[in-house]
Each structure stands twice: as structure tokens, then as C-alpha cells.
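Student: I would like a close look at the charged side chains. Please start from one residue and then widen the view to what surrounds such side chains.

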Amino acid sequence: MERTPEAVWEACLEIIRDNVNRRSYKTWFEPIKPVSLSEEGDQIKLTVELPSRFYYEWLEEHYYSLLRKTITKVLGPKGRLFYKIVIEKEDPESGFEGTSVNMPAHPPETTPPPPRRPSLSPPPTTSSSSGTPVDLTEQAPSVPANPFAIPGIIRKIQVDSQLDPRYTFERFIEGDCNRLARSAALAIAQQPGTTSFNPFLVYGGVGLGKTHLIQAIGNYARQHRTAETIRYVSSEQFTNEFVQAIQHNRINEFSTFYRHIDLLIIDDIQFFGGKEKTQEVFFHIFNALHQANKQIVLSADRPPKDIPGIEERLMSRFQWGLMADVQPPDLETRIAILRRKAEDEGIALDDDVVEFIAQHVKSNFRELEGALLRLVAHAAYHRRDIDLELAREALRDLIKESRVTLTIEQIQQLVCEYFGIAPDLVRSKTRKREIVQARQVAMYFCKQFTQHSLKSIGLHFGGRDHSTVIHACQSVENLMETDPRFREIIEALRHKISLHSR
Ligand code: ADP
Ligand code: MG
């Protein structure tokens, strides 16, 4: 049967049309042109032309499995899809001039792919002016261990951005604590390399959103195509890759790889401290990128001047751009973030629960997320709805830490104020009914809100012994179970005391 590339691709498009929405279809598939169809060995190759390598990356990332299934359906199990990418610009480094380069798609295999991309063997080159097919089998022995060991133009196409798509500006909550860093980051994402924020360095303690923010720059740049080649690495990964490059005599490849990046994002550069060789190679990469107006984005857990073992010349480079800090979130931001995270996870949270968590978990975003997860897990485990009581239970140990500032005397004061009696009465020998009850309630809260032992609490109540305190706690709990009115009183008091324990 005589098949043309056009007919085969049209048959593919028919399947694709049924599987993606109209907009995606128009954006990603309509611009693709069928080029050739050939049989080689046991493969039937359909080659299509893509407008840019961005298309290639996008298709591979989002439509790989759809394309694989479609090709198999139309061409049978021997079917393979190859991409040809139009090179728009002259690339002085590669010696290429406006023609095209061929890229095979991922191999349509059903078994898990081997650790490197085996089908990167050369597709038929017809229009490429380089004319030299590139056999990567020798030179890419262990992607990802040596992801930079890829020669020529294909290396550019190959850069794995390593970005986590969840870290976006949309999901990043802005507050006073991170406003400057966020707006600088957004400006950079819109015009990488061309603002005066180059390099851009975000610093601050753990869990304050540094990784999220610097990755948001990358994700934005990728989505809006403001930078083509993007790479996010931790400083540890960068160091490891460098060490491997030394071991395998590939330092040049390593450097060349990184010099090709348009937007280089390195996380947690405090790990560069004391690593002289890594700093040196980074210094040269930095200079090359900066000179070529490529954007460099960095993060550190403290201001660079406080990182031991960072070379002076590198430090002076950091001064060229902008350093912005991120601070622990204020109450408002904590509330906003909890609301957003709950919404994202589809969890309904009452305002009092949100405020309760926000009041007690203050250190950073990660702990806020952790608290929320713990709450959800607790609710699921006990099959209960999420309310204030459950939150208090689930987060008890987190909250204890912030209670230590409250003294027994302060609790006595608050409780007595509530019951309208003089505080020294709870410390006296009086056995009047309402005093006894106030005393028991105060003991119960001392147990809950302080770290004092039963014995110590007893001593603060006119030298009573620990069994009296146990009895008091028990009585309060029993009465709460049987008397809803009493329970309300206790909850109101608890709220009052917790406000003072911040
Ligand atoms: P860091 O790198 O500073 O240690 P991360 O970026 O890893 O902190 O943040 C920890 C967690 O908190 C991540 O899940 C991140 O998405 C979230 N997070 C941090 N800051 C914000 C923010 N401003 N808005 C939304 N989520 C945030
Ligand atoms: Mg981080």
C-alpha cells in the first residue's frame, strides 16, 4: 500500500484531535508538518517538522504517550516518530546556520526506558548543512550522570530544566515578608538577563519559599518563552556533576554545557562554601553567562557574606545584581497561605481553625504545610470533621512549644478574672464550691498550657499535692463530657488563655 507522510500524519491528527482540546490541538499540532516516511530495518519512520525546539520539549513533556500510542495505532508496532526542528537563529557556537536539525522522538517502547535516551542515534539528515550525523551512543554513557556530555546542537535541545511545575508565581503567596524578592523575581522572569537584577540572589532561612520562588522564575520563563534554555540545579548537584566531570575528563563539556544555558538557577549556594574548585568553575561560568546577558539566579540560606569559605571575587560578583531576603511570614500571610493550601487540596477549613494554626505555627511555610497535612491525616484517621478541637488535638505538641511563656500565676489570674474571684483564693484553703471549681479549672489549664509537673502545679496552689491536681483535671474533663454549659465555659477560657500564650 502506498502511503504518503501527509496521509499518515493526517490519520495521526484524527486520533490526536479526539484526545486533546481544541486549543491545544491548534497550538501544538496544527503547526507540525509531515516531512517524510521511510522504512529502515525493522522501523517505519515518520518524520515531522516542528517550528522550534520549544515545541519538541513541550510535546515530549506533555504529549509523549499520546504520540506514542497514536503512531503505534497508525503505523503498527514498528512505527517511530522523528522530529526535525527548524533552527531559527544562527548559532555561532555550533557552526550551524539556519537550516534544520533532526531529533528522534522518544522510542515508542512499552518497557521502562533505559537510563539514557537510546534513540538519539542519528536520524536521516538531508537538509542539515552540518551533514554529520551525531552518534551519541559513545558519548552519553550515563545520562543523567553526565547530562552535559552531549555534543553539538542536540545538546541544547537536551537540557533538562529540572523544574518542578508546581512552583509557580500563581501559587506563591505574597506578603510583607517576601514582597521585594517576589516582585524582582517576576521582573526577571519576564525579561531574564536584561534587568539590572543579574545575578539575582534570594536568601533567608529554611522553608521561607526560596526554592519555590527561584523555580517560579524558571517556570514562568518556560511558559512565556522568555528564556529558551533553562536549568535548575542544587549547588550539591552542580558540585557532584563537576566532580564527575573531573573524574571522566569532561571538564570542558561540563563548562560548555553550563555556558549554553540562558537562565541558570542554582539553589542553596551555601554548599559552595569551602569548595574552591567548584567555586572556580562556577566563577568562570558566571562570567561567561553574565557577559552574554544570560540570567543567573541563586539562593542561599543566609547573606553570602556570612557563608564561610566563599571567595572574595565571587562575593563581588554577587554585588553586581540584586540580593533580596525572605522573612518568616507574618500572621496575615500565614492565614492567606493556609487558606490557599486548603483550597488547593480541597479541604474546607473554618476561619477559627485557620486562625488557630496561623497563631501557633509561625516559623515558616513548610511547617504551616506540615501542620495542615497533620490535621488532615488526623481527621481521616479518627473519621472526624476538622474543627477547632480536632486542630488542637492534632497539633498539640507543636503548640506546646509556644505555651512555655505563660506562668501558673498568669493562668490563675486569667481564670479568676473569668469567674470574678480574687486570684489568691485559689491558692487558699477555702473549700467553697465556686472557689473549688475555679481552682480545679485553673489547675487543669496549668497542666495544659505549661510544662510544669503535677507536683509543681500543686505547690503553686497553696502547697497541694500532685494527686489533688490529677483529681482536678479528671473532674474538669468529666464535667465537660456531661455538662455542655460547663464545656462552653472551658472552651471560652481556653480561647482566652491561648490568646495570651502567643
Ligand atoms: P526554602 O527553599 O526557602 O527552604 P521552599 O521554597 O522549599 O523553602 O518552601 C517550603 C514550602 O512552602 C514549599 O512547599 C513551598 O511551596 C511553600 N511556600 C513557601 N513560600 C511560599 C509562599 N510565599 N506561597 C506559597 N507557598 C509557599
Ligand atoms: Mg530550598
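**Charged pairs and their surroundings**

Tutor: Arg313 has a relative accessible area of 31%, so this residue is partly exposed; buried means under 20% relative accessible area, exposed means over 50%, and partly exposed is in between, with a 1.4 Å probe and protein chains only. This is a predicted model, in which local features need pLDDT of at least 70 and side-chain atom pairs count only at pLDDT 80 or more, while totals for chains, interfaces and linings use all residues. Residues are numbered from 1 along each chain as its sequence is written, chains are lettered from A and ligands numbered from 1 in the order in which they are written, and side-chain values use heavy atoms, with hydrogens and water left out.

The partner of Arg313 is Glu311: the two form a salt bridge, and their closest N and O atoms are 2.9 Å apart. The term means a side-chain nitrogen of Lys or Arg within 4 Å of a carboxyl oxygen of Asp or Glu. Glu311 has 24% relative accessibility, so this residue too counts as partly exposed. As background, side chains of opposite charge can pair when their charged atoms come close.

By this rule the protein has 21 salt bridges. Another of them joins Arg231 and Glu241, with the closest N and O atoms 2.9 Å apart. Arg231 sits in strand S6 (residues 230–234) and Glu241 in helix H8 (residues 235–247), so this pair ties together parts that are 10 residues apart in sequence. Helices (H or I, at least four residues) and strands (E, at least two) are DSSP runs, numbered from the N terminus. Arg231 and Glu241 are both buried.

Helix H22 (residues 484–500) holds both Arg494 and Glu491, which are 3 residues apart, about one turn of the helix. Their side chains meet in a salt bridge at 3.3 Å, N to O. Arg494 counts as buried because its relative accessibility is 5%, whereas Glu491, at 24%, is partly exposed. There is also a network of salt bridges, which links Glu174, Asp176, Arg179 and Arg182.

What about charges of one sign? Asp350, Asp352, Glu355, Asp385 and Asp387 gather on the surface in a patch of negative charge. A patch is made of residues with over 30% relative accessible area and no salt bridge, with like charges joined within 9 Å and nonpolar side chains (Val, Leu, Ile, Met, Phe, Trp, Tyr) within 5 Å. Asp and Glu count as negative and Lys and Arg as positive, leaving out His and the chain ends. Within this patch, Glu355 belongs to helix H13 (residues 351–360) and is partly exposed, since its relative accessible area is 36%.

Now to Arg383, a charged residue with a backbone feature to note. Arg383 lies in the loop between helix H14 (365–382) and helix H15 (388–394), and its phi is near 50 degrees, a positive value in a residue other than glycine. At 77% relative accessibility, Arg383 counts as exposed. Asn293 also has a positive phi, near 55 degrees, and is found in the loop between helix H10 (276–291) and strand S8 (295–300). With a relative accessible area of 51%, Asn293 is exposed. Most residues other than glycine have a negative phi, and most peptide bonds are trans. A cis peptide bond joins Asn198 and Pro199, with omega about 5 degrees.

Pro199 leads us inward, in the loop between helix H6 (179–190) and strand S5 (200–203). Phe286 touches Pro199, Ile296, Arg317 and Trp320, not counting residues up to four places away in sequence; contact means heavy atoms within 4.5 Å. Phe286 is in helix H10 and counts as buried because its relative accessibility is 0%. The C-alpha atoms of Phe286 and Leu264 are 9.3 Å apart, with their positions 22 residues apart along the chain.

Stepping back, the protein has 22 helices and 9 strands, and 47% of its 502 residues count as buried. Among contacts between residues at least 6 apart in sequence, 71% join residues at least 24 apart.

Notes:
Accessible areas come from the Shrake-Rupley method with a 1.4 Å probe; for residues, only the protein chains shown count as cover. The place of a charge is taken as NZ of Lys, CZ of Arg, CG of Asp or CD of Glu.
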